[in-house]
Amino acid sequence: MTKTLKVALAGAGAFGLRHLDAIKEIDGVETISLIGRELDKTKEAAAKYGVGHVTTDLADTLKLPGLDAVILATPTQMHAAQALQCLKAGKHVQIEIPLADSLKDAEAVVAEQKKTGLVAMAGHTRRAPAYLEGRIPYSAAGRADLFLPPHQHERAGPATLLDRSSALASRRAHG
Amino acid sequence: MDMSIQLKAENGAICTLSLSFNNEGPLGTFFRYIGDTATYIARYDDLYNGKDEKIDVSRVAVSMNGIELQDREFFAAIREGREPNASVAQVLPCYRVLDDLDQRMG
């Protein structure tokens with residue numbers, strides 16, 4: 001049995017809870033801390049999912065012994081700064097979309113990832129799965145990997161819409 | 001607000017993105033992808049062809065939940081000490097395009 005990965009989730013909103021639901025389905029991973037803006041609501045969610053540690057400050061979580069990784073499902077404007085905070089603390093990090101609200105901040109996260117060699121991943125959902133691994137024929141895969149994360153549909157707004165178009169362009173450019 | 005963006009990829013392929021907030025119904029309930037050989041419609045995690053026939057994607061991956069797949073990829077990359085799909089370095093071009101668009105729109 002491989003070592004259990006210990007993960008923390010920042011952002012106990014509707015989307016964060018979808019990550020908690022997902023992690024429950026994955027063997028060998030344990031959510032050990034939940035970070036939220038409102039302590040009461042965060043405690044409630046932590047109790048429901050059996051998460052032992054609750055805080056409103058990411059820095060508290062980063063001090064927990066044995067913590068391997070953090071998933072950030074926080075408001076957009078916090079993403080880049082929190083991603084840097086996690087990497088600097090030596091933790092792997094997954095950042096929900098968008099990675100940052102400016103190119104400069106996105107570049108800063110990439111630079112820190114390169115410096116640390118840790119895993120830093122953006123929540124571009126449709127880039128993650130098997131479509132990219134040739135498990136379905138190209139005729140379908142060539143289109144399938146353009147599909148947008150379903151949760152993006154729930155966050156309509158010019159910035160995220162632009163993100164969709166650019167994600168698509170990126171796939172085309174590199175496909 | 002309606003928006004249309006045209007992009008030309010490095011291989012010459014033209015992509016047109018059209019968005020309308022005048023559409024009746026909930027925002028972002030589906031996306032239609034019109035390709036040179038086929039049309040696909042994505043409704044959340046479900047996929048249909050242009051004739052609205054459902055395409056079975058149940059065996060494509062271990063789960064039909066996109067978020068779970070995304071998290072599995074993250075944890076697998078950590079365990080295997082490798083770069084994940086959708087690493088921050090891989091998605092940076094998205095943010096370059098966004099920034100470019102933003103500059104042009106002033």
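**Exercise 1. Find which residues of helix H4 of chain A are buried, and what covers them.**

Step 1. In H4(A), the buried residues are His79(A), Ala80(A), Gln82(A), Ala83(A), Leu84(A), Cys86(A) and Leu87(A). Buried means under 20% relative accessible area, exposed means over 50%, and partly exposed lies in between (1.4 Å probe, protein chains only). Helices (H or I, at least four residues) and strands (E, at least two) are DSSP runs, numbered from the N terminus.

Step 2. The helix spans residues 79-88 and is mostly covered, with 7 of its 10 residues buried.

Step 3. The cover of these buried residues includes helix H3 (58-62), strand S4 (69-72), S5, helix H5 (103-116) and S6 of chain A. Contact means heavy atoms within 4.5 Å.

Step 4. Just after H4(A) comes Gly90(A), with a positive phi of about 80°.

The model is predicted: local features need pLDDT of at least 70, side-chain atom pairs count only at pLDDT 80 or more, and totals for chains, interfaces and linings use all residues. Residues are numbered from 1 along each chain as its sequence is written, chains are lettered from A and ligands numbered from 1 in the order in which they are written, and side-chain values use heavy atoms, with hydrogens and water left out.

**Exercise 2. Describe the sheet of chain A and place Gln94(A) in it.**

Step 1. Chain A has 7 helices and 6 strands. From the N terminus on, its elements run β-α-β-α-β-α-β-α-β-α-β-α-α.

Step 2. The 6 strands form an open sheet with parallel pairing, in the order S3-S2-S1-S4-S5-S6. Strand S3 (53-55) and strand S6 (120-122) of chain A are the edge strands, each paired on one side only. From one strand to the next the twist averages 20°. Two strands pair if DSSP finds at least two bridges between them. Axes are lines fitted to C-alpha atoms, for helices over the stretch in contact, and angles run from 0 to 180 degrees between N-to-C directions.

Step 3. Gln94(A) lies in strand S5 of chain A. That strand (residues 92-95) and S6(A) pair in the parallel sense over 3 bridges, and the bridge partner of Gln94(A) in S6(A) is Met121(A).

Step 4. With a relative accessible area of 0%, Gln94(A) is buried. Leaving aside neighbours within four places in sequence, its contacts include His19(A), Leu72(A) and Met121(A), as well as Gln70(B), Asp71(B) and Phe74(B).

**Exercise 3. State which residues touch the most other members of the largest nonpolar core, and which helix gives the most to it.**

Step 1. A nonpolar core is a set of buried Ala, Val, Leu, Ile, Met, Phe, Trp, Tyr and Cys residues joined through side-chain atoms within 4.5 Å.

Step 2. The largest core holds 57 residues, and Leu99(A), Val109(A) and Phe75(B) touch the most other members. Helix H2 (residues 88-105) of chain B gives the most, with 6 residues.

Step 3. Apart from this core lies another, of 7 residues, among them Leu7(B), Cys15(B), Leu17(B) and Leu101(B).

Step 4. Residues up to four places away in sequence are not counted for Val109(A), which touches Ala80(A), Ala83(A), Leu84(A), Leu87(A), Ile95(A), Leu99(A) and Val88(B).

**Exercise 4. Check the length of H2(B) and list its buried residues.**

Step 1. The expected span of a helix is 1.5 Å times one less than its number of residues.

Step 2. The 18 residues of H2(B) should therefore span 26 Å, and the end C-alpha atoms are 25 Å apart, which agrees.

Step 3. Val88(B), Val91(B), Leu92(B), Pro93(B), Cys94(B), Tyr95(B), Leu98(B) and Leu101(B) are buried in this helix. Gly106(B), with a positive phi near 60°, follows H2(B).

**Exercise 5. Work out the strand pairings of chain B.**

Step 1. Strand S1 (residues 2-8) and S2(B) pair in the antiparallel sense over 7 bridges. In S2(B), Ile14(B) is the bridge partner of Lys8(B). Their hairpin has 5 residues between the strands, and Gly12(B) takes a positive phi near 95° there.

Step 2. Side chains alternate along S2(B) (residues 14-20): Cys15(B), Leu17(B) and Leu19(B) point to one face and are buried, while Ile14(B), Thr16(B), Ser18(B) and Ser20(B) point to the other and are not.

Step 3. An open sheet of 3 strands has the order S3-S4-S5 in chain B, with antiparallel pairing. Strands S3 (31-34) and S5 (46-49) stand at its edges with a single partner strand each, so one side of each is left without a neighbour in the sheet.

Step 4. S3(B) and strand S4 (residues 39-43) of chain B are joined by 4 bridges, and Arg32(B) stands opposite Ile41(B) in S4(B).
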